[in-house]
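Me: I would like to go through the side-chain contacts here and ask, for each label, what justifies it. Please set the values against the cut-offs as you go.

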Amino acid sequence: MFQTQLNDQLAAAQAKAIETAKHLAQVAVESAQELAEINQAAAKDALVAAQDTSSQLLAIKDAQQLAKLAQPEAAQEAAKYAAAYQAKVNQVVRNGNKEVVQVVDASVNDARADLVKFVQEATKTAPAGSEAFVSAFKTAFDSSLQQFDQVRASATDAFANFEKSVDAALANIQGQYAVTKPAAKSRKAA
């Protein structure tokens with residue numbers, strides 16, 4: 001009876017793992033598709049900007065017109081566009097990561113619950129005289145579950161810290177544009 005129960009639990013766990021893998025693959029495909037769409041739009045925009053710049057360069061008749069094209073505002077616009085692109089890519093990656101974390105977390109919770117149930121069932125049917133062994137096993141098992149929870153909490157913290165770092169880097173980049181632009185205007189006014 002115990003072997004049949006074990007086989008049934010293993011088959012159920014494998015079925016859950018297959019479903020989880022399918023879902024994770026779907027998340028990866030959707031994220032890749034979103035990134036491809038962002039990259040395609042960026043390539044189209046870059047082509048339009050290059051064509052515009054080329055026509056402006058071809059229309060230049062004197063050095064004054066060339067100086068107008070070389071203004072810092074043009075570089076700032078390009079930098080802002082790059083930052084916006086980076087933010088879009090970051091959002092897609094972040095959304096994909098969050099979904100992966102949720103799926104993995106739910107799978108871990110399910111596996112943990114199944115394992116706890118299995119250990120409870122197995123120790124319930126332990127032969128007489130093995131109480132000391134069962135008690136020691138349950139203590140070791142509970143301790144390993146607590147350590148596992150600590151590892152999971154550390155991984156969650158690491159993911160949150162990574163997101164904060166990315167947000168800080170994006171804010172820093174965008175803050176540089178805000179600081180640079182007024183200085184460029186004040187030179188123009190002078």
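Me: What makes F133, F137 and F141 one aromatic cluster?

Reply: In this predicted model, where local features need pLDDT of at least 70, side-chain atom pairs count only at pLDDT 80 or more, and totals for chains, interfaces and linings use all residues, F133, F137 and F141 form one aromatic cluster. A search of the whole structure finds two aromatic pairs, and F133 and F137 make up one of them, with 6.5 Å centre to centre and 25° between the planes. Rings of Phe, Tyr and Trp (its six-membered ring) pair if their centres lie within 6.5 Å, and planes under 30 degrees apart count as stacked, over 60 as edge-to-face and the rest as tilted, so F133 and F137 are a stacked pair.

Me: Why is the pair of F137 and F141 called stacked?

Reply: The ring centres of F137 and F141 lie 6.2 Å apart and their planes meet at 15°, so this pair too is stacked. Both residues lie in helix α4, four residues apart, which is about one turn of the helix; helices (H or I, at least four residues) and strands (E, at least two) are DSSP runs, numbered from the N terminus.

Me: How do you know which of F133, F137 and F141 are buried or exposed?

Reply: Buried means under 20% relative accessible area, exposed over 50%, and partly exposed in between, with a 1.4 Å probe and protein chains only. F133, at 61%, is therefore exposed, F137, at 37%, is partly exposed, and F141, at 12%, is buried.

Me: What makes the contact of D149 and R112 a salt bridge?

Reply: A salt bridge is a side-chain nitrogen of Lys or Arg within 4 Å of a carboxyl oxygen of Asp or Glu, and the N to O distance between R112 and D149 is 3.1 Å, so the criterion is met. D149 lies in helix α4 (residues 131-189) and R112 in helix α3 (residues 72-124), so the pair ties together parts that are 37 residues apart in sequence. D149, at 28% relative accessibility, is partly exposed, as is R112 at 27%.

Me: Why does K22 with E19 count as a salt bridge?

Reply: The closest N and O atoms of K22 and E19 are 3.8 Å apart, which is within the cut-off, so the pair qualifies. K22 and E19 are three residues apart in helix α1 (residues 2-58), separated by about one helical turn. K22 is exposed at 54%, whereas E19 is partly exposed at 48%.

Me: How are the residues numbered, and which atoms enter the side-chain values?

Reply: Residues are numbered from 1 along each chain as its sequence is written, and side-chain values use heavy atoms, with hydrogens and water left out.
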